[in-house]
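Let's take a walk through this structure together, with the sequence and the 3D view side by side. Please have both open before you read on.

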Amino acid sequence: MNAQLQPTGSAYFIAKETEKPENHTLSVLVDNEPGVLARVIGLFSGRGYNIESLTVSETEHEKHLSRITIVTRGTPHVLEQIKHQLERIVPVHRVVDLTVRSHESGQERPLERELALVKVAGIGEARVEALRLADAFRASVIDANTEHFIFEITGKGSKIDQFIAIMKPLGLVEICRTGVAALNRGPQAM
Amino acid sequence: MSNGQNERREMTGAEMVVQALKDNGVQHVFGYPGGAVLPIYDEIFQQDEVEHILVRHEQGAGHAAEGYARSTGKAGVMLVTSGPGATNAVTPLQDALMDSIPLVCLTGQVPTSLIGSDAFQECDTVGITRPCTKHNWLVKDVNELAATIHEAFHVATTGRPGPVVVDIPKDVQFAKGFYVPPQIAPRTSYQPKVQGDLEKIKAAVELMAGAKKPIIYSGGGVINSGPEASHLLRELVDLTGFPITSTLMGLGAYPASGKNWMGMLGMHGTYEANMAMHDCDVMICIGARFDDRITGRLTAFSPNSKKIHIDIDPSSINKNVHTEVPIIGDVGRVLEDMVRLWRASAKADKKALYPWWEQIAKWRARDSLAYKMNNDVIMPQYAIERLYELTKGMDTYITTEVGQHQMWAAQHYRVEKPNRWMTSGGLGTMGYGLPAALGVQIAHPDALVIDIAGDASVQMTMQEMSAAVQHNAPIKIFILNNQYMGMVRQWQQLLHGNRLSHSYTEAMPDFVKLAEAYGGHGIRCEKPDELDDAIKEMISVRKPVLFDCRVATLANCFPMIPSGKAHNEMLLPDEATDEAVANAIDAKGRELV
């Protein structure tokens, strides 16, 4: 969190940040209408909040509802503000802080998964090694010729980070990541 | 208003706009025509239920609609063309957003087929206005137009009120489709919570009953909630015997003549109000938002109090100041419960508050709004006092611009009723007051509408004098003319070593001649002993008036909480020597606004 935003909005003394910033994952249910994503993103940029990751897709086609998953970073006080500010947006139906919700039910964090496509080019020993490691990470080969692979890997962000780091010396060319998709454990909806 | 014959009637988009305005009870629209709204103007021409007020600049239309809304409690409506029409509307939209004013802005847009082609007078209106509206829409299908306009009125006027924009491409205005009358069913995602949590209200009443040094701090939310909320606020103050102060936006909710009234609080608030805020043990914030102009240094803000915060917007709770008892709901509804619960328990003994009132009396005796009278030069405070004395019995509405005169007006013009005080609080828009006065006068044709103005602010929207003359709106523009941007200069004296960079207006227009040029009436007054007669003349003229009140050029606005200071570190007028002013703010405070 940008230290200058504490206390929010006020231009009087800039107080030292005493709370520690945390990463939280928010689920936001919105009407899938033009401009709704711009409203959400505009809120974050306009008020100086961080977006670490953002994923959006229509999840309930018949009701035209989209679910936006945002990983953001801020102090507890700022995270509460983010939630309330999101709730003010007219086409926003619900906002749930999945991280807070998972803490309430005794979990450390919500279930979070990310998908990445990783292109690795190379020949000889490096190529063999890349394939062997991909197998260890349960990444699957979705495209290949004699000089490259494209791996598809799914998992927690940290696992993907690790996979990418390992692929770097083996001829990593480019990466595409989806951003985090998240749900809470248990039978209830958000 | 809606009747059966409108049921799915086929009409053009432009007809729908006018029909939707009628069905939403709109009588006046402030606007300016242009290419992309010509079909709507053509419809307006062919009817006389909705009256169009032609302004001279779209910003004027917006502020006029704001004044209209603030003084009536209804939505203000503006109609502008695409491109520059829409961009000129941005300032009043943001102004209305920050002060929670219901404003419906209809904008024309280039035909849908041209959107994105950099067409003549095209701009991304919904993109530009997204952050300065509560919500906005681009209507691409004529069959959605009527429902969208109804929804726009609903969103603007319910919950925390605010501005909305409906952007209507020209081909949609020409297209034929089916009109639907206002739908009652609100959309599922937009359901503002209006009823407060009863348990929280009980907790609040308990806390209040045990308070030894309570204070009520009310704001614009009370006015927005409607006249009943102001009535209930007065009742609560009477029942509890608590002292009450108010923000700039909330003036009039509790009468300035009321015995528990402490005056406005905040940066230029009274000594007693700010000291009581600092020393209180229970603070009841009603429809206000702990703005930085109110709190001063946050770390030193009312350090020993428990805070109750009533607000309809959950994001206002704990935004700047931590609250022990947050109550989310409409001020009127919550106060109704609060008054009822207080009556039912009614255990509080007003005598317990005597020591607190004694302390307040000591602060009051400091007479923080005092100023040195001068027999040769009109003191700005004196001008406002005389204006108040000569207009107080009348059906008066006050608007202001932004700056020193605004603060003096807030300090010295005693507002008695809600919806009588129109000012730009959050955004601080110079140029708000004159067009706002026009809007108020259109809503209240027989009332006395006065814009207390500064010579710099008033020149920002002076052109609306022409609109006032055209529409026979006899607004009175009472200019405290000190030839400076007074508040800018005051800050330069405080913060920038008295280097008065560009805050002096060397070429001031002759306001009397200017008034006459517009077809209005001009008055100039330079001597204190001529002031009363001049004000009486202003009141009696049934024409727009520019009153050039020449006041002491170097007077500054006190008391003041300097930047970075706490409520109990006010700079009082009798202490504000040149040296004290120069040293009031340390290096760290200088970086702030």
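**A sheet in chain B, then outward**

B:His309 stands opposite B:Pro326 in β14(B). This is a predicted model, and that pair is a handy place to begin. A little further along, B:Ile310 faces B:Ile327 of β14(B). Both pairs belong to the meeting of strand β13 (residues 306-311) of chain B with β14(B), which run in the parallel sense and are joined over four bridges.

Stay with β14(B) for a moment and look at its side chains. In a regular strand, side chains alternate between the two faces of the sheet. Strand β14 (residues 325-328) of chain B shows B:Val325 and B:Ile327 pointing one way, while B:Pro326 and B:Ile328 point the other, and all of them are buried.

Now zoom out to the sheet as a whole. Six strands of chain B form an open sheet in the order β11-β10-β9-β12-β13-β14, with parallel pairing. At its edges are β11 (261-264) and β14 of chain B, each of which pairs on one side only. On average, neighbouring strands of this sheet are turned by 15° against each other, direction ignored. Helix α12 (residues 271-279) of chain B packs on the sheet, where it touches β9 (214-218), β10 (244-246), β11 and β12 (282-286) of chain B. The direction of α12(B) makes about 100° with that of β11(B).

From here, turn to another part of chain B. UniProt, in an unreviewed entry, places the feature "domain: Thiamine pyrophosphate enzyme N-terminal TPP-binding" at residues 11-127 of chain B. Over residues 11-127 the chain is 44% helix and 19% strand, and the end C-alpha atoms lie 29 Å apart.

B:Val142 is our next stop, in the loop between β6 (135-138) and α7 (145-157) of chain B. Is B:Val142 buried or exposed? B:Val142 counts as buried because it has 23 C-beta neighbours inside 10 Å, and 20 are enough for that label. Leaving aside neighbours within four places in sequence, B:Val142 is in contact with B:Gly13, B:Val172, B:Ala175, B:Lys176 and B:Gly177. B:Val142 and B:Ile168 are 26 residues apart in sequence, and their C-alpha atoms are 9.1 Å apart in space.

A mostly covered helix comes later in the chain. Helix α18 (residues 433-443) of chain B has eleven of its eleven residues buried. Among them are B:Leu434, B:Val440, B:Gln441 and B:Ile442.

Next, have a look at some backbone details. Most residues other than glycine have a negative phi, and most peptide bonds are trans. B:Asp367 has a positive phi of about 50° although it is not a glycine. You will find B:Asp367 in the loop between α15 (354-365) and α16 (380-391) of chain B. B:Asp367 counts as partly exposed because it has 14 C-beta neighbours inside 10 Å. B:Asn498, also not a glycine, takes a positive phi of about 60°, and lies in the loop between α20 (486-495) and α21 (511-518) of chain B. Here the surroundings hold 12 other C-beta atoms within 10 Å, so B:Asn498 is exposed. For the peptide bonds, go to the step from B:Phe558 to B:Pro559, which is cis with omega near -5°. B:Pro559 sits in the loop between β20 (545-550) and α23 (578-582) of chain B.

Finally, let's cross over to chain A. Chain A has five helices and nine strands, which follow the pattern β-α-β-β-α-β-α-β-α-β-β-α-β-β along the sequence. The C-alpha trace of chain A spans about 60 × 45 × 35 Å along its principal axes. Of the 190 residues of chain A, 29% count as buried. Among contacts in chain A between residues at least 6 apart in sequence, 72% join residues at least 24 apart.

One helix of this chain deserves a visit. Helix α4 (residues 125-136) of chain A has twelve residues and reaches 17 Å from its first C-alpha to its last, close to the 16 Å expected at 1.5 Å a residue. Just after α4(A), A:Arg138 takes a positive phi of about 55°.

A word on confidence closes the tour. The mean pLDDT of chain A is 91, and 91% of its residues reach 70 or more. Over residues 1-13 of chain A, however, the pLDDT is below 50, and beyond near neighbours in sequence this stretch has 38 contacts in the model.

Technical notes:
Residues are numbered from 1 along each chain as its sequence is written. Chains are lettered from A and ligands numbered from 1 in the order in which they are written. This is a predicted model: local features need pLDDT of at least 70, side-chain atom pairs count only at pLDDT 80 or more; totals for chains, interfaces and linings use all residues. Helices (H or I, at least four residues) and strands (E, at least two) are DSSP runs, numbered from the N terminus. The expected span of a helix is 1.5 Å times one less than its number of residues. UniProt positions are given in the numbering used here, feature names are shortened, and annotations may be inferred rather than shown by experiment. pLDDT is the predictor's confidence in each residue, from 0 to 100. Two residues are in contact if their C-beta atoms, placed from the backbone, lie within 7 Å. Two strands pair if DSSP finds at least two bridges between them. Axes are lines fitted to C-alpha atoms, for helices over the stretch in contact, and angles run from 0 to 180 degrees between N-to-C directions.
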